[in-house]
Amino acid sequence: QEEGVWPYNNFVERYKHFSSHPNQWRLLYHVTNSQSLEYAADCYSTWFCEQKIRSRVEAYDPDLIVSVHPTMQRAPLLACQKISEERLKHIPFFTVCTDLGSAHSMWFQKDVERLYIASDQLARIARRRGQTPEEKIIMSGLPIRHEFSVHSERLGDRLSASGMEYQRRIRKEIGISENDNVVLLMGGGEGVGGLSVIAEQIFTQLRQSGINATICVVCGRNESLKKQLNERDWDGFLREKKVMRKGGSFLGFGTGSSKVSVEPIAVGTKGDVKVIGLGFVTRMAQYMVAADVLVSKAGPGTIAEAASVGLPVLLTSFLPGQESGNVEYVVNNGFGDFARDPPVVAAKISAWLRSPVIMRKMAQSAKEHGRPNAAAEIVLDLGSIASKWKYMNDAYSSFVTMRNMARCGQLAATA
């Protein structure tokens with residue numbers, strides 16, 4: 001932020017705003033994703049930020065640079081090239097794209113040392129828009145936390161006898177039923193995304209379908225939602241007449257509402273369904289191993305984490321632009337689906353849990369597309385390339401030093 005100018009120096013706060021106003025983000029994303037605006041943005045960031053970035057890089061004197069943000073590509077890359085020319089020391093610049101099914105064109109530059117990506121879709125964008133050479137593009141998968149690699153190896157095939165036994169052991173460790181179907185419902189770190197309504201609909205549908213289940217709702221920092229879910233009389237909820245409110249907006253401005261009456265549901269011998277509100281979860285790998293299905297927004301990291309442990313995914317929302325391709329990635333690769341309306345979400349979850357064939361097929365597809373070791377493989381490749389450049393840089397530096405000493409000796413002898 002110190003080296004940046006508007007809008008880069010307050011991008012984090014602005015992104016939070018756009019995350020809750022998706023139509024505004026859609027407009028910004030697609031306008032800036034044009035070639036003319038991309039060129040203008042690169043010129044702007046280079047003119048105002050490159051010198052400051054170069055000064056900060058020189059202060060660190062790094063042996064390599066890894067960029068993991070689309071707005072930090074062109075200017076830092078030029079800074080590295082100028083430092084290399086001035087110091088006669090090559091600083092390899094790498095890009096690790098942290099998007100999955102689609103990405104903004106600003107991610108991609110042709111002069112990077114290597115570009116690490118997670119899908120064929122990104123490879124096509126990199127070649128077309130970034131002119132990135134084929135040999136520099138590495139299909140690495142999306143880097144995720146090491147705990148997913150550990151649990152992926154221990155779990156194996158989640159529907160095998162050993163996989164189900166490991167799942168039961170993890171469920172016991174985190175304190176949820178070992179024999180229930182488990183639905184993991186997420187909405188991001190702030191606990192947004194209509195979680196309460198979705199939880200209500202899934203609870204109702206599973207009760208009606210006679211499915212015994214535990215619904216774990218990750219509320220993040222939303223403590224009031226967590227308290228509400230844990231303290232609610234869920235049997236009483238079924239006897240009440242509920243009114244769902246549905247909002248609408250134009251380009252993210254203003255809201256509207258409509259009421260849909262839902263008749264009371266008689267409570268009889270139905271499925272035993274429990275709802276657990278969770279706070280900010282630090283053991284996400286364990287919860288994904290314990291779950292049978294994940295319900296979540298289409299964040300790239302969440303999808304990659306789920307795939308690493310073979311967990312089927314039902315996506316309920318996405319941020320227009322880069323996350324729209326994530327929906328296509330999940331659906332086209334056969335390990336999940338998309339549904340926006342809570343009743344449809346609930347109906348799909350119920351249908352999945354009643355069909356072992358569907359669950360097995362999706363779990364296998366998820367496992368096939370998971371890359372639990374992506375982070376370690378990327379780091380090993382970075383280290384290998386950086387070590388070679390360091391060796392050559394040091395060798396050249398020693399050569400220059402010896403040459404200069406020799407020249408000084410010749411001058412002294414002449415004198």
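I looked up the salt-bridge network first and found that Glu-50, Arg-54, Lys-82 and Glu-86 are linked in it, where a salt bridge is a side-chain nitrogen of Lys or Arg within 4 Å of a carboxyl oxygen of Asp or Glu. I note that this is a predicted model, in which local features need pLDDT of at least 70 and side-chain atom pairs count only at pLDDT 80 or more, while totals for chains, interfaces and linings use all residues. Residues are numbered from 1 along each chain as its sequence is written, and side-chain values use heavy atoms, with hydrogens and water left out.

Within this network I checked Glu-86 and Arg-54, whose closest N and O atoms are 3.7 Å apart. Glu-86 lies in helix α4 (residues 74-87) and Arg-54 in helix α3 (residues 35-60), so the pair ties together parts that are 32 residues apart in sequence; helices are DSSP runs of H or I with at least four residues, strands are runs of E with at least two, and both are numbered from the N terminus. For accessibility I took buried as under 20% relative accessible area, exposed as over 50% and partly exposed as in between, with a 1.4 Å probe and protein chains only. Glu-86 counts as exposed at 52%, whereas Arg-54 is buried at 16%.

I then turned to Glu-200 and Arg-232, which meet in a salt bridge at 2.7 Å, N to O. Glu-200 is buried, at 11%, and Arg-232 is partly exposed, at 22%.

My search of the whole structure gave 23 salt bridges.
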